[in-house]
Amino acid sequence: MDLSYTDEELAFRDEVRAFMRDELPKEMSDKIRLGDELGKEGQEKWHAILNSKGWLAPNWPKKFGGAEWNAVQRHIFEEEAAAHHAPRIVPFGLSMLAPVLQKFGSKEQQDYWLPRLLEGKDWWCQGYSEPGAGSDLASLKTRAVREGDHYIVNGQKTWTTLGQHANMIFCLVRTDPDVKQQEGISFLLIDMNTPGIEVRPIILLDGTHEVNEVFFDDVKVPVENLVGEENKGWTYAKYLLTHERTNIAGVGFSQAGLNTVKRIARAEMAGGKPLMANPHFAARVAQVEIDLKAMATSNMRIISAAAAGGAPGVEASMLKVKGTIIRQEINDLARRAVGPYAMPFASEAIEGSNEALPDPHEAGPVAAQYFNNRKLSIFGGSNEIQRGIIAKVMMGGGQ
Amino acid sequence: MNFDLTEERQMLQDSLRRYLREKYSTATRNEILERPNGMSEEVWTQLAELGVIGAMFTEEQGGFGGAGFDIAVVFEELGRAGVIEPFMDSALIGGRILAACDKTDLVEEMIGGGLQLAVAHGEPTSRYDMSHVRTSVDGGKLNGRKAVVMNAENADHLIVSARASGDVADEAGIALYLVAKDAAGLTIQGYPLLAGGRAAEVTLDGVEGELLTEDGFAVLSDVMALATMAQCAETLGAMDTATRLTNDYLGTRKQFGRPIGTFQALAHRMADMLIEMEQARSAVINAAGNLREETRIRDMNISAAKNLLGRAGRLIAEESIQMHGGIAMTQEYELAHIAKRITMADHRFGDTDHHLERFIALSAA
């Protein structure tokens with residue numbers, strides 16, 4: 001048992017730190033630190049910076065142009081990225097679709113789509129959830145009917161993250177309505193510019209436009225855009241979800257968030273003393289810190305056990321539940337810390353209200369972030385679904 | 001003991017609830033939220049006509065209520081409908097300060113719906129400490145900065161606290177002044193609030209005002225006691241809406257072929273929310289019913305309520321969103337606004353921890 005990094009791992013961490021110091025533009029990290037939107041252009045710029053270093057696709061095998069990092073390397077990168085307030089890598093194409101194409105896609109699909117992903121030529125979004133199919137994803141109804149060389153797609157997807165920027169969407173569609181739900185689903189790649197597709201924004205409660213509804217009305221999709229076999233889409237979807245859950249614990253985000261809370265609480269005065277010296281607030285911070293330290297080690301134990309490039313099983317569900325609880329608790333601490341200054345609000349959704357706000361601690365919109373991050377325990381398989389998986393596997397013996 | 005509302009209060013509650021149900025729908029409110037001034041004058045006037053403002057004042061002050069339960073009834077209904085018009089800051093806090101300072105004409109105007117006030121008391125570093133006043137007054141001129149002043153841009157007059165003598169955190173030596181909105185040296189920088197309405201940073205640079213009282217702390221502590229109780233009642237109303245929406249959703253939303261409320265994992269959490277609702281209601285009754293008791297007893301009950309509502313409110317807001325799922329994250333859905341009202345209430349008049357500490361201190365006294 002050795003809790004410290006090896007010399008190689010430490011050298012790698014130094015390399016990542018140097019990269020963040022030299023290559024991460026300050027205006028970008030400032031935006032992330034204050035919770036601002038990076039926008040499509042900014043995000044693509046960060047992707048290009050990572051790609052020039054060969055770090056845009058950490059989880060891909062080298063033969064596809066990836067970095068092929070092991071789990072510990074990926075963890076180190078994520079931790080350093082969060083500490084330096086680097087933008088996240090937009091995961092839909094690079095972390096979610098790509099592993100599916102690499103495992104189940106045709107040679108033509110791999111040769112065409114994977115290089116384009118690294119070059120930033122496509123922005124992918126995910127067409128999974130529907131208004132009636134959230135936690136119960138397998139009940140999805142969007143229909144694809146084969147007609148000659150095309151599928152004709154009709155239906156609706158929702159919660160499509162950053163779909164407003166996307167030119168491509170990977171979708172789960174129903175190709176056989178007459179069999180068991182999971183056995184009639186296919187995995188299709190759809191060009192967002194095809195006639196019959198309409199994207200409508202959903203404004204979230206913090207005023208941000210992150211997610212969308214996507215409507216399909218007689219949309220023609222070439223059959224070569226089917227991934228793998230028809231009606232085998234559920235298998236690919238489950239495979240994808242295991243990749244969606246890497247970095248699920250969000251240790252780096254939590255550590256960065258906790259540091260911010262402490263910084264605010266040292267400056268904020270309460271009853272003539274720094275808030276950090278207030279026993280009730282200090283106890284709240286300590287409680288979260290104790291949980292986070294343990295979870296960071298759980299996270300390392302689990303990712304060390306996972307094979308390089310592989311994904312953990314039921315432990316990922318445990319990390320998701322605990323990780324989101326901790327992140328949300330830190331968001332709660334941040335809003336408490338700033339006191340009455342939690343109330344002001346700049347919203348891009350409300351016209352003319354993008355005014356400069358009073359922000360004495362340079363904390364950013366902490367209350368808006370508190371509300372926005374309520375999503376963490378809802379998306380990617382809600383915490384209720386994760387608890388169901390944990391109970392089923394651990395109590396019922398086997399997945 | 002009798003926990004029934006009096007006939008007059010019952011009538012006020014009924015007419016207010018009916019008006020808000022008919023005239024203050026989610027769509028209407030969402031439209032008001034986007035207005036540049038953050039409120040609807042029409043709603044303000046009509047609610048004044050219904051007696052909402054009059055109920056906040058005693059007969060001697062020109063109203064027809066003014067007791068704890070009059071105010072609790074009004075604010076619970078405003079909270080239930082997620083009303084964003086500034087009844088708390090303009091009418092209750094501003095109006096009752098003026099009433100305590102015998103500004104009879106302005107109180108009359110307020111009850112009639114023709115006046116807007118703002119109370120500029122909190123400062124950038126005062127957090128929740130009511131006696132923390134750095135803004136100075138010298139030769140009748142006010143200098144300083146006030147933070148997160150609710151309704152400042154809409155106000156005809158600002159009530160400004162200033163330190164006439166003593167140290168920054170002393171209770172003695174705080175005076176209150178009435179300042180006209182167009183007074184020279186007054187700067188108001190406004191912004192929207194997360195839970196609706198607007199506030200501002202207010203800068204005073206040699207501003208002249210009319211002295212209201214030299215014993216500002218005594219007036220403020222009485223009025224803030226009322227306001228904190230009213231805030232608890234408002235949050236209780238909002239929590240009731242969140243609980244009702246969640247209960248309805250669990251009964252209608254189907255996944256895996258059945259209503260999600262039939263899953264025990266959710267049903268038990270709904271039960272916990274309902275239990276906390278009863279606790280919250282009783283805490284508000286304790287606060288409203290002890291308003292006329294001696295200060296220590298009054299404030300213990302108020303701090304108890306604010307702490308309990310802070311805890312129960314967080315549980316209900318977060319659990320309501322979680323059990324709804326994605327739909328509750330959307331701005332246009334009623335629960336999103338209601339959850340923001342509940343959570344942001346923790347940032348007014350002292351948060352959960354502030355009132356826990358105050359309760360401990362008062363218990364030891």
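**View 1. A salt bridge between Arg314(B) and Asp332(A).** In this predicted model, Arg314(B) pairs with Asp332(A) across the chains, with 3.5 Å between the closest N and O atoms. The pair counts as a salt bridge because the cut-off is 4 Å between a side-chain nitrogen of Lys or Arg and a carboxyl oxygen of Asp or Glu. In total, the rule finds 8 salt bridges across the interface of chain B and chain A.

**View 2. Polar contacts across the interface of chain B and chain A.** Here 29 residue pairs are in polar contact, both residues at pLDDT 80 or more. On the side of chain B that touches chain A, three strands and four helices give two or more residues each. The strands are S3 (141-150), S6 (186-192) and S7 (198-208) of chain B. The helices are H8 (264-289), H9 (295-324), H10 (334-344) and H11 (352-364) of chain B. By class, this side of chain B has 21 nonpolar, 12 polar and 16 charged residues.

**View 3. The extent of the contact between chain B and chain A.** Chain B gives 49 residues and chain A gives 54 residues. About 4300 Å² is buried between the two chains. Carbon and sulfur atoms give 56% of that area.

**View 4. Asn225(A) and the residues it touches.** Asn225(A) sits in the loop between strand S7 (209-222) and strand S8 (226-227) of chain A. Its relative accessibility is 13%, so Asn225(A) counts as buried. The cut-off for buried is under 20%. Leaving out residues up to four places away in sequence, Asn225(A) touches Gln109(A), Phe187(A), Leu188(A) and Leu189(A).

Conventions
Residues numbered from 1 in each chain as written. Chains lettered and ligands numbered in written order. Predicted model: local features only at pLDDT ≥ 70, side-chain atom pairs only at ≥ 80, totals over all residues. Heavy atoms only, no water. Contact = heavy atoms within 4.5 Å. Buried area = accessible area lost by both parts, 1.4 Å probe. Polar contact = N/O pair within 3.5 Å; in protein donor to acceptor, adjacent residues only side chain to side chain. Nonpolar A, V, L, I, M, F, W, Y, C, P; charged D, E, K, R; others polar. Buried < 20%, exposed > 50% of the residue type's maximum accessible area, 1.4 Å probe, protein only.
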